[in-house]
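I opened a fresh page today to look at how two parts of one chain meet. Here are my notes, in the order I took them.

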Amino acid sequence: MDSWKLLPHPKIEKKGQRLAVVVLDGWGEHSPDQFNAIHVAATPTMDSLKQGAPDRWRLIKAHGPAVGLPTEDDMGNSEVGHNALGAGRIYEQGAKLVDSAIASGKIFQGEGFKYIKEAFPNGTLHLIGLLSDGGVHSRFDQLQGLLRGSAANGAKKIRVHILTDGRDVLDGSSVGFVEQLEKDLQDLRNQGVDALIASGGGRMYVTMDRYENDWNVVKRGWDAQVLGEAPNRFRSALEALHKLKAENPKKVNDQYYPPFVIVDESGKAVGPIRDGDAVVTFNFRADRMIMAAKAFEYEDFNKFDRVRFPRIRYAGMLQYDGELKLPKHYLVSPPQIERTSGEYFVHNGIRTFACSETVKFGHVTFFWNGNRSGLFSEALEEYIEIPSDQGISFNQKPRMKAKEIGEKARDAILSGKFDVVRVNLPNGDMVGHTGDIKATITACEAADSAVKMILNAVQQVGGIYIVTADHGNAEDMVKRSKTGEPINDANGNVQILTSHTCWPVPVAVGGPGLAKTIRFRKDLPGAGIANVAATTMNLLGFEAPEDYEPSLIEVADG
Ligand SMILES: O=C(O)[C@@H](CO)OP(=O)(O)O
Ligand SMILES: [Mn+2]
Ligand SMILES: [Mn+2]
């Protein structure tokens with residue numbers, strides 16, 4: 001028997017239902033107050049869905065172990081969220097896999113580490129990555145583990161190229177992380193390892209672009225890290241952070257520090273990357289390291305002028321793209337996500353349309369499909385990317401491309417060419433990360449209007465919808481005490497929260513094609529977003545594979 005064949009659902013007929021799957025990025029559920037941008041925004045469509053509770057609207061988990069992260073304190077993120085949504089099962093994710101590999105010491109015995117270790121006797125080890133304890137792309141304690149382990153394994157010269165965060169952690173917290181890193185590097189120097197910070201920059205402006213939105217971001221990183229060139233040169237990273245902020249307090253924050261290099265007393269960069277060196281990008285998450293990985297690895301490369309292409313031993317913390325085998329060498333094996341819902345669908349003749357704008361396009365395709373690039377089937381699938389605005393912080397244009405995404409989805413639904421139309425609406429998340437509450441309110445309104453456009457099209461064709469989110473963000477824009485009170489900073493202003501949250505997200509089903517008897521089960525109170533994939537299979541008239549997390553819906557008698 002074809003193991004890809006999904007069995008017909010015993011109670012839900014497969015009758016060519018057209019299904020819209022809408023993911024609102026960064027849209028959680030939290031108590032209503034002035035710092036809940038979704039609550040303050042006029043969101044009539046999402047509000048109306050809530051009226052369907054408990055049978056057709058409920059909350060599901062989108063953080064911590066429910067999405068494969070180490071602890072209940074780990075907020076969700078797009079990678080683990082879309083992996084869970086698309087794969088319908090919970091995989092141990094990068095953060096956890098790296099933790100285990102460091103704890104057991106296996107990371108230092110693996111092929112990847114052995115490969116870079118060859119460079120230790122004569123070359124420098126460069127560590128490049130996001131410096132914070134956000135746990136979304138990287139974690140500070142993992143960098144510390146890597147530093148200690150590398151020194152213990154013979155690294156004599158280490159250079160750290162930092163990317164400041166302020167997006168998964170509070171803005172301004174980069175200073176504390178750099179102070180701690182400087183202490184750790186001093187400890188290494190006391191042990192005879194020549195260890196220094198060599199360059200830096202803010203994650204949104206240096207290195208960590210994604211989905212080829214803007215190669216200039218990667219180039220700025222390359223120039224500083226590899227060539228040792230940047231418009232800003234300082235004797236220390238702390239000096240860089242303080243001076244660059246003081247020069248331009250309105251524009252410069254942790255996410256957007258301009259690139260800088262650290263120089264010695266003669267003004268020479270302390271750590272350009274040269275032939276014979278080893279380079280490790282210590283982010284475990286893929287999307288924002290793939291572009292840099294290509295620049296470090298590909299012989300043929302034309303995205304920008306690298307000027308110099310050093311012969312290095314390069315490894316990623318994880319392999320970032322299994323399909324492209326990028327990078328070839330890595331310290332920890334990524335989760336092997338297979339048999340995703342999208343792949344099942346093509347094997348069962350389901351025609352899928354997927355769409356978002358650039359900044360989230362890979363979320364609803366690459367992450368959704370288990371970190372796999374490209375289509376499963378040219379004949380049955382179409383993925384559309386709407387170009388995102390470039391070079392701006394999204395609070396300047398908070399509506400982003402919500403309308404365009406809504407229109408594309410609407411047209412795809414009305415065309416009759418697709419059984420499933422899947423979109424990601426980025427607004428709540430991308431604007432939420434700017435910490436600009438007013439703009440985030442506008443963002444949420446734009447996303448809500450796009451949902452409306454999609455639901456109207458579903459209505460017209462007699463279809464079904466499932467609306468949900470990948471994790472929280474816009475529903476809570478302020479740092480809170482344990483009892484939920486907003487926390488003030490030293491100047492008496494509330495501390496703005498730019499990060500994701502641990503709050504649950506809504507899921508709603510409906511549409512004229514949904515039988516009246518279908519409702520949410522009540523026996524899955526702890527369900528999470530991994531339960532959505534089986535639900536979509538049921539909505540299309542299929543049983544889900546046995547090892548998928550259970551479907552959220554049931555068919556009531558009568
Ligand atoms: O912007 C990103 O890279 C992350 C936050 O670090 O957000 P998301 O997981 O929503 O993509
Ligand atoms: Mn997201
Ligand atoms: Mn986000």
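Before counting anything, I fixed my terms: a polar contact is a pair of N or O atoms within 3.5 Å, where, within protein, one must be able to donate a hydrogen and the other to accept it, and residues adjacent in sequence count only if both atoms are side-chain atoms. I also reminded myself that this is a predicted model.

**Entry 1, the layout.** I looked up the domain bounds and found that domain 1 takes in 21–93 + 336–555, while domain 2 covers 95–332. I then took the centres over C-alpha atoms, and they lie 31 Å apart.

**Entry 2, the interface.** How many residues of each domain are in contact? I got 35 from domain 1 and 27 from domain 2. An interface's size is often given as the accessible area lost when the parts come together, so I looked that up next. About 2400 Å² is buried between the two domains, with carbon and sulfur atoms giving 51% of that area.

**Entry 3, polar links.** With my definition in hand, I found 12 residue pairs in polar contact between domain 1 and domain 2, both residues at pLDDT 80 or more. I also noted two salt bridges between the domains. Separately, I wrote down a salt bridge of lysine 96 with glutamate 92, whose closest N and O atoms are 3.7 Å apart.

**Entry 4, the domain 1 side.** Which helices supply at least two residues each to the side that touches domain 2? I found α3 (78–87) and α12 (358–367). The largest share, eight residues, comes from α12. Sorting that side by class gave me 11 nonpolar, 17 polar and seven charged residues.

Terms used
Residues are numbered from 1 along each chain as its sequence is written. Chains are lettered from A and ligands numbered from 1 in the order in which they are written. This is a predicted model: local features need pLDDT of at least 70, side-chain atom pairs count only at pLDDT 80 or more; totals for chains, interfaces and linings use all residues. Side-chain values use heavy atoms; hydrogens and water are left out. Domain bounds come from an automatic or database domain assignment. Contact means heavy atoms within 4.5 Å. Buried area is the accessible area (1.4 Å probe) that two parts lose on being put together, summed over both. A salt bridge is a side-chain nitrogen of Lys or Arg within 4 Å of a carboxyl oxygen of Asp or Glu. Ala, Val, Leu, Ile, Met, Phe, Trp, Tyr, Cys and Pro count as nonpolar, Asp, Glu, Lys and Arg as charged, and the others, Gly among them, as polar.
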